[in-house]
Amino acid sequence: MTTAIDILILRALFSNPSRYVSGEDLATQAGVSRAAIWKHLDQLQKIGYPIEAQPHQGYRLLAPPDVWCADEIAARLPDPAPGEPNWRVLLFQETASTNDLVWREAQNGAQEGLVIIAEQQSSGRGRQGRQWQSCAKSGLYASALLRPHWPLSQITRLTIVSSLAVAEAVEKLCGKEVRIKWPNDVFMRGKKLGGILTEVQADPEAIRFAVVGIGLNVSQTKSDFPDALHAIATSLKIETGHDYRRADLLIAILGTMQRHYREPFEVVRQAWSERCFSLGQTISVRTPAGQLVGQAVGLDENGALLLRAESGRITPITAGDILPA
Ligand code: BTN
């Protein structure tokens, strides 16, 4: 449940790290009594925020653990620039798939910027109908609603924008290189750390809405992954040895995504291409039209992968899977 007072308190506490915030100031800003503020602080403490109260000084937030709370994300997201999505976050403790929830809201007319996050998913899914392991607390599961006024031919741009945003945000927070495997896999040290599932409803020409689902492995240990995934999947915990807060990660991802979404695609294409390790390689791609082999030479203006066959012929590919070499 989102409350404006919780958002106001969390914004004040997070923007004054380890400093005291006066209860009286909070009460004045919120237009409520100090006792009411105290009740909200008490609730925030109960959900896991370590808030210290000091007579005559006020309240301060100590290093917070991984509390997954929509109000905190709302409190800390940067304001959107004109034309950027205005993110509004809703949390579900458990759902089948956050993509399904956002899809339903989109069909009911929800505005661009809705983000649904979950603690766990019972039927999390990845691309090509694959399952996405979505246990409680260990991963970040989020889906965002976008309504780009783009022709349908440019839908792949959204996956490019989103995978770049995830890679840049994670690298900035963790200080370790994050790379991208076409079209949407986020990799750290040669293993998959996360992925994007973009689902779209469109008229023959125009996109009506798109749901961008983001899955990121955060605190899984090796034994949390099935044996078959040990060689190919990883988490931030495994790679860095550190615990990360999902809220910090999501705020960084949404902030970066907001910016890239409205940027000229040429800027995004350049940054994405520098991170994508599939480019320059000779690859086999399974596409809806069959298997193709060639050298991945770049992205076109729609975000499609350009594959050059031995004959020199270049084919743009909008969907597919790179097969293991
Ligand atoms: C992939 O790499 O194949 C994409 C994985 C996407 C997983 C996320 S988790 C949040 C959202 N809900 C889902 O069911 N899937 C996406």
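Two strands pair if DSSP finds at least two bridges between them. The exercises below use this definition on a predicted model.

**Exercise 1. Find the partner of V285 in β11, and place the two strands in their sheet.**

Solution.
Step 1. Strand β10 covers residues 282–287 and strand β11 covers residues 290–299. Six bridges join these strands, which run antiparallel. That satisfies the requirement of at least two bridges.
Step 2. Within this pair, V285 has L292 of β11 as its bridge partner.
Step 3. The sheet is open and has five strands, ordered β13-β12-β11-β10-β14, with antiparallel pairing.
Step 4. At the edges are β13 (314–317) and β14 (321–322); each has a single partner strand, so one side of each has no neighbour in the sheet.

**Exercise 2. Describe the sheet of seven strands, then follow the chain from β6 to β9.**

Solution.
Step 1. The order in this open sheet is β3-β4-β5-β9-β8-β7-β6, and the pairing is mixed.
Step 2. Its edge strands, β3 (88–95) and β6 (179–181), each pair on one side only. Ignoring direction, neighbouring strands are turned against each other by 20 degrees on average.
Step 3. β6 is joined to β7 (residues 185–188) by three bridges, and the two run antiparallel. Here I180 is matched with V186 as its bridge partner in β7.
Step 4. Four bridges connect β7 with β8 (residues 191–202), again in the antiparallel sense. M188 has K191 of β8 as its bridge partner. The two strands form a hairpin with two residues between them, and R189 in the turn has a positive phi of about 45 degrees.
Step 5. β8 and β9 (residues 207–217) run antiparallel and are joined by nine bridges. L197 is opposite G213 of β9. These strands also form a hairpin, with four residues between them.

**Exercise 3. Which residues of the largest nonpolar core touch the most other members, and which helix gives the most to this core?**

Solution.
Step 1. The largest nonpolar core has 59 residues; I73, L140, V170, W182, L216 and M257 touch the most other members.
Step 2. Helix α6 (residues 156–174) gives the most, contributing ten residues.
Step 3. Domain 2 (70–275) and domain 3 (282–322) each supply at least three residues to this core.
Step 4. Take V170 as an example. Once neighbours within four places in sequence are set aside, its contacts are G175, V178, M188, L193, L216, L236 and L249.
Step 5. Another core, of 20 residues, lies apart from the largest one; I7, L26, Y49 and C69 are among its members.
Step 6. As background, nonpolar side chains in soluble globular proteins tend to be buried together.

**Exercise 4. Summarise the overall build of the protein from its domains and its dimensions.**

Solution.
Step 1. The protein has nine helices and 14 strands. Its radius of gyration is 21 Å, close to the 20 Å that the globule rule gives for 325 residues, so the protein is as compact as a globular protein of that length.
Step 2. Along the principal axes, the C-alpha atoms fill a box of roughly 80 × 45 × 35 Å.
Step 3. The division is into domain 1 (4–61), domain 2 (70–275) and domain 3 (282–322). Between the C-alpha centres of domain 1 and domain 3 there are 54 Å.
Step 4. A residue counts as buried under 20% relative accessible area; 49% of the 325 residues do.
Step 5. Among contacts with a separation of 6 or more, 64% are between residues 24 or more positions apart.

Technical notes
Residues numbered from 1 in each chain as written. Predicted model: local features only at pLDDT ≥ 70, side-chain atom pairs only at ≥ 80, totals over all residues. Heavy atoms only, no water. Core = buried A, V, L, I, M, F, W, Y, C linked by side-chain atoms within 4.5 Å. Buried < 20%, exposed > 50% of the residue type's maximum accessible area, 1.4 Å probe, protein only. Domains from an automatic or database assignment. Contact = heavy atoms within 4.5 Å. Axes fitted to C-alpha atoms, helices over the stretch in contact; angles between N-to-C directions. Rg over C-alpha atoms; globule rule 2.2 N^0.38 Å.
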